[in-house]
Amino acid sequence: MTPNGDLAVEVEDLTKKFGDFVAVDHISFHVNKGEIFGFLGPNGAGKSTAIRILLGLLTPTSGTAIVGGLDVAKDPEAIRKNLGYVSQKFSLYNDLTVEENINFFSGIYGVAPEKRPERRAYALKMAGLEERAKTMTGLLPGGWKQRLALGCAILHEPRILFLDEPTSGVDPIARRDFWDLIYQLSGVGQTVFVTTHYMEEAEYCHRLALMFAGRIIAMGVPSDLKRDMYSNHLLQLETSALVPTMKLLDGEPGVLEVAVFGAGLHVTVADAGPTVERIRRKLAANQIEVRKLESIPPSMEDLFVSLIENEERKKA
């Protein structure tokens, strides 16, 4: 593969096997420079394995991956010098202060001594940690620890930043604040590659690849994916008897899928008008009260559940 200068990451037919187990199954995609590109998928989908290949930590079984213009199989050491990485497990030192962690990783990443004060100040300001510079890292809440990890990951001004489920275990407010930092970095041209299993985070990406069982099952702009791949009508249905409702709607003409969402159901139908009336009549005939039945726009979770169920049906 000849590297494309406009792309940060180029992957073609990439595969990784561990014995007979196929962790990454012939995936192909690209990431534009300055883009926030996401891998969305459940645990075990192959996201982290793919990331480790792109970081030069694993050798692919077959296929090619070009990261920052370099082939990961041929020059993994050079690749790692141009990348930043934040893992889902906090990997800094709890017994150092915030500032001491930054100083330590400045040395690890080979930041020139004369640039270290400037880069330290930038990392502290970007992460909002200026007033916590002398705080022991172990005393920081989880969200602030991840801010520090992000600050350390960009000390050497990497061309591409990889974030592997960086907000796992972080509360929703801290998670949103962390994404504000990602947007700031993207706004100044930083390429960000992020993996997540949080559906709402997928909406924040410029483009998204949905992974399942080692394969990419859909890819594109989140809003386009929902519009183009979820062209049927979606209903929110709440009744007095959830499980009996599901059984009654199974196989009902016009009903394509039924899935539990919270205290109700999301029902995918081919035609909202006639099908809604049939649903009402059938439930009334079975003494089930309809508490809510309305059309709603599909969420990323609706899309992902639908795609996963389609994949499962193919295996059956």
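These legends go with a set of close-up views of a predicted model.

**View 1. The whole chain, before zooming in.** The protein has 316 residues, and 49% of them count as buried. Its secondary structure adds up to 11 helices and 14 strands. Along the principal axes, the C-alpha atoms fit a box of roughly 80 × 45 × 35 Å. If you like contact maps, take the contacts between residues at least 6 apart in sequence: 69% of them join residues at least 24 apart. The accessible surface is about 14,800 Å², with 51% of that belonging to carbon and sulfur atoms.

**View 2. Phe29 and Phe37 in an aromatic cluster.** Searching the whole structure turns up 13 aromatic pairs. One of interest here is Phe29 with Phe37: the ring centres are 5.3 Å apart and the planes meet at 10°, so this pair counts as stacked. Planes have to be under 30 degrees apart for that label. Both Phe29 and Phe37 are buried. They belong to one aromatic cluster that also takes in Phe39, Phe162 and Phe193.

**View 3. Trp144 with two arginines over its face.** Arg132 sits over the face of the Trp144 ring, 4.3 Å from the ring centre. Arg147 also lies over the face of Trp144, at 4.6 Å from the ring centre.

**View 4. A nonpolar patch on the surface around Phe104.** Tyr93, Phe104 and Ile108 make up this patch, and together they offer about 300 Å² of accessible area. Phe104 belongs to helix H3, which covers residues 98-108. With a relative accessible area of 35%, Phe104 is partly exposed.

**View 5. Glu165, a buried loop residue with a positive phi.** Look for Glu165 in the loop that runs between strand E7 (160-164) and helix H6 (172-187). Its relative accessibility is 6%, so Glu165 falls in the buried class. Sequence neighbours within four places aside, Glu165 is in contact with Asn43, Lys47, Gln88, Thr195, Thr196 and His197. The backbone is worth a look too: Glu165 is not a glycine, yet its phi is positive, at about 45°. For context, most residues other than glycine have a negative phi.

**View 6. Asp13, with a positive phi in a strand.** Asp13 is part of strand E1 (residues 7-18). The phi of Asp13 is near 55°, again a positive value in a residue other than glycine. Asp13 is partly exposed, at 38% relative accessibility.

**View 7. The salt bridge of Arg120 and Glu99.** Across the protein, the count of salt bridges comes to 14. In this one, the side chains of Arg120 and Glu99 meet at 3.8 Å, N to O. The pair links distant parts of the chain, with Arg120 in helix H4 (residues 116-127) and Glu99 in helix H3, 21 residues apart. Arg120 is partly exposed, with a relative accessible area of 22%. Glu99, at 19% relative accessibility, counts as buried because the cut-off is under 20%.

**View 8. Lys115 and Glu157, a bridge between loops.** The Lys115 and Glu157 side chains form a salt bridge at 2.6 Å, N to O. Lys115 is in the loop between H3 and H4, while Glu157 is in the loop between helix H5 (142-153) and E7, so the bridge ties together parts 42 residues apart in sequence. Both ends are partly exposed: Lys115 has 31% relative accessibility, and Glu157 has a relative accessible area of 46%.

**View 9. Arg215 and Glu311, a strand bridged to a helix.** In the salt bridge between Arg215 and Glu311, the closest N and O atoms are 2.5 Å apart. This pair links distant parts of the chain: Arg215 is in strand E10 (residues 215-220) and Glu311 in helix H11 (residues 300-315), 96 residues apart. Arg215 is partly exposed, with a relative accessible area of 29%, whereas Glu311 is buried, at 9%. Elsewhere, salt bridges with shared partners join Glu99, Arg120 and Lys134 into one network.

**View 10. Ala285 in helix H10.** Ala285 belongs to helix H10 (residues 272-285). Ala285 counts as exposed, at 56% relative accessibility. From the C-alpha of Ala285 to that of Phe21 the separation is 50 Å, and the two residues are 264 apart along the chain.

Methods. Residues numbered from 1 in each chain as written. Predicted model: local features only at pLDDT ≥ 70, side-chain atom pairs only at ≥ 80, totals over all residues. Heavy atoms only, no water. Phe/Tyr/Trp six-rings, centres within 6.5 Å; stacked < 30°, edge-to-face > 60°. Buried < 20%, exposed > 50% of the residue type's maximum accessible area, 1.4 Å probe, protein only. Lys NZ or Arg CZ within 6 Å of the ring centre and 35° of its normal. Patch = residues over 30% accessible without salt bridge, like charges linked within 9 Å, V, L, I, M, F, W, Y side chains within 5 Å. Areas by Shrake-Rupley, 256 points an atom, 1.4 Å probe, with all protein chains shown as cover. Salt bridge = Lys/Arg side-chain N within 4 Å of Asp/Glu carboxyl O. Helix = DSSP H or I, 4+ residues; strand = E, 2+ residues; numbered from the N terminus. Contact = heavy atoms within 4.5 Å.
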